[in-house]
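Student: Hi! I have a new protein on my screen and I'd like to get my bearings. Could you walk me through it?

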Amino acid sequence: MATRNKRRIVASSSAQELPDEMLTEVFLRLPVKSILRFRAVCRSWAAVLSSEEFCGLQLEKAKAATTPKLFFTAPTTGFDAMALYLGSSSGPDDDLLFTLDDVCGDFVDMTPAPCHGLTLLFDALAPAYYVFNAATRAVTRLPPCQDVYFATAGLGFDAQTKEFKVVRLFIGECFDKQHIKCEIHTLGGKHGDCWRPASQGVPFRFCRAAEGAVCHSKRDKLLPVFAGGFLHWFVHPSFALKRPRAGILSFSVTDETFRWVQSPPFVPPGVRFEVVDGHLGMVREREVSGLHLVELAGQLCILRDLRNASRDCSMLEIWRLEDSGGWSLLHQIDLLQHVARDLIEAPIVKVIGSIGNCISKNKVVIVTSKRKEHVIVEIFYPWKDFKSRRYFLTCTIYSCNIGSVESSLIPPLPVNDMPPTYLEGVLYWMSDPRLGQSYERAIVSLDIATNTFGVVPCPSYIAKWNRSPCRAFVVELEGKLCAVLADQLAKELNIWKVENGRWERTHILQLEGWSSYSLGCAVVVPWAVYPKDGKILLNAGRKLGIYDPARQSIKSLYDLDELLRIKSTTESSGVRAGGRFQIKDKSSDKKWCRAWKPPFQQNKVSDVCATVHSSEEINPSYTEVMPLVPILYEESLASYPLVRKSRWLRR
């Protein structure tokens, strides 16, 4: 104990001999983890390291770093949580910051840049908001808020009160007196740990713009940008049913009031009304794409993507808001001179920030993405007549992000009743040669990004149709589009793969002698090819099995009929296989209660298989595939657990 006290005195004494300016320079060169530990050395160090001046210097030093740190999320191994990582562009030294349980990574939004060291994260399924500090690994979950579908929120800093505020703008229920609402949560403030209405609410003159800002933010996953003490939302012209006074809606974090910001000169006002043939009609002006706000060196800027204006154009423009309220062109970036061709062709290009402490010397951080929004495509036959070969086919596309509907598309060919397959942004169906003018099979494609149909020729072996009962469909195997012909007479599956625009036959699966996989009784679909030995996972609706091409044999993984038989037998004797019972006193309640568990959590797959087949028939290396593949054919979803929110199906 004496030695420890002596060391502490020496450290404190030697620290006092250094000038404060020199001591600060030493601290600024230390990593954040060391700074946090050094606060416990003595009170004088704690005061220096906790001061607003030192925190500001540390923040400026981080902004001037030459290697940016980027946040990114990824689901954990069990897909039951979301992990947040801090990565560096200089190498694969990614650092795990923290893990959030029961958060789905596909439905997480995050502010593009920290606000004075803090970042806002939003889990859309809960819904729940989190604020975290990447330097300290501290994370706080905000109190519950009203659950609505259309909402957007941003994080701002009040320079007068030195408080952080989360500002949430959302569209309430249709029967609410105030349709568009604004609420605020102050971190550690005097108002307590709760959401409260903004001091002046949303004035009527801003309601239409606020509603358009919320819808645009929801559709394009664009959170408001904090700059100059204001949170800024861009009001996209496509969401403006009436000419807005300006294209940007701003909210003062200090005064809690709304204001307009003048639109850049290239943004059209939205829609206009014209008299056409004696009738008043609404005319939408030219669509503007690739516009989003960004904060660069503390100033509000807007990105303009000119790639959609011309095929040969690869230019990005960055415009800056001046103190006078006008806009000036700050940067013109030719992507061809800076990034690879595959990045230029990405449909999404965004600027998320800059590096450096002077706007004229900043390095702009650009991110690209080929990710597309989830959509639900429904193809429906209101009627069809195989005798006359006439039919009526409709196609409806539902956007899972904002709930928009596109129903004006008409497939070029009739499609059969097999599910489509998805590959690299395109859905594929096999056509139905029993309908329409063509007596040959072809593959119908739908590009999700452009909502355009196409036709892909089939292999000649599959294209020919002579009124045989052979079933044809498409699947994705090993990342390639495959066409499958189920020949009931030959009792075999023929699989063809397209590569470099040419079809080649890759597999012939002999199913003779395997009654459980009879093509006349079930739809047998190849699901996956095991890369090590080429074995193929087969789904026969109520059964899963592994086909060995070398031995032309099938090893069963899962047999639903057998499991249901065992279930019926065990439940009749009062024993539940693979489940747990909680038996109440029969004198008080004669009902049997069971603690339910999800199907894939009740038992390991190997345990389930062991109750059906002998251990010699089960290949343990394939049991790990089972939790990832649900039964899709000929089965009811009634036995599957309900999702915790009904709006899951809309996302």
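Student: To start, how many of the residues of the protein chain count as buried?
Tutor: Of its 651 residues, 42% count as buried. Keep in mind that this is a predicted model.

Student: Okay, and what does the secondary structure come to?
Tutor: The protein chain has eleven helices and 40 strands.

Student: What share of the contacts with a separation of 6 or more is between residues 24 or more positions apart?
Tutor: That share is 44%.

Student: Since it's predicted, what pLDDT does the chain average?
Tutor: The average is 75, and 73% of the residues score at least 70. Over residues 1-15, though, the pLDDT is below 50, and that stretch has two contacts beyond near neighbours in sequence. Residues 279-287 also stay under 50, and there the model has 27 contacts beyond four places in sequence.

Student: Why should I care about those stretches?
Tutor: Where pLDDT is low, the predicted coordinates should not be read in detail.

Student: Fair enough. What about the inside: how many residues are in the largest nonpolar core?
Tutor: It has 41 residues, and L169 and V202 are those with the most contacts inside it. Helix α6, residues 204-220, gives the largest share of this core, with seven residues. There is also a second, separate core of 30 residues, which includes L477, I495, I536 and L538.

Student: Which residues is V202 in contact with, leaving aside its neighbours within four places?
Tutor: The list is L169, Q178, I180, K181, C182, C207, A210 and F258.

Student: You mentioned α6. Which strands does it lie across?
Tutor: Helix α6 lies across β8, β9 and β10, and it runs at about 95 degrees to β9. Those strands belong to an open, antiparallel sheet of four strands in the order β8-β9-β10-β11.

Student: Which strands stand at the edges of that sheet?
Tutor: β8 (151-158) and β11 (196-197) do; each has a single partner strand, so one side of each is left without a neighbour in the sheet. For β11, two antiparallel bridges join it to β10, residues 180-186. Look for I184, which stands opposite R196 in β11.

Student: Back to α6 for a second. I clicked on E211; is it buried, exposed or partly exposed?
Tutor: E211, which is found in helix α6, counts as partly exposed because its relative accessibility is 32%, between the 20% and 50% cut-offs. Its contacts, leaving aside neighbours within four places in sequence, are I171, H179 and I180. E211 and I171 are 40 residues apart in sequence, with their C-alpha atoms 6.9 Å apart in space.

Student: New topic! How many disulfides does the structure hold?
Tutor: Zero.

Student: And C395 and C458, are they buried or exposed?
Tutor: C395 is buried, at a relative accessible area of 0%. C458 is buried as well, at 11%.

Student: Last one: what do β35 and β36 form?
Tutor: They form a hairpin with six residues between them, and G534 in the turn has a positive phi of about 75 degrees. Strand β35 (residues 525-529) and strand β36 (residues 536-539) pair in the antiparallel sense over four bridges. In one of the pairs, V529 has I536 of β36 as its bridge partner. I536 may ring a bell, as it is included in the second core.

Student: Is β35 mostly covered or mostly exposed?
Tutor: Mostly covered: four of its five residues are buried.

Methods
Residues numbered from 1 in each chain as written. Predicted model: local features only at pLDDT ≥ 70, side-chain atom pairs only at ≥ 80, totals over all residues. Heavy atoms only, no water. Disulfide = S-S within 2.5 Å. Buried < 20%, exposed > 50% of the residue type's maximum accessible area, 1.4 Å probe, protein only. Core = buried A, V, L, I, M, F, W, Y, C linked by side-chain atoms within 4.5 Å. Contact = heavy atoms within 4.5 Å. pLDDT = per-residue confidence, 0-100. Pairing = 2+ DSSP bridges. Axes fitted to C-alpha atoms, helices over the stretch in contact; angles between N-to-C directions.
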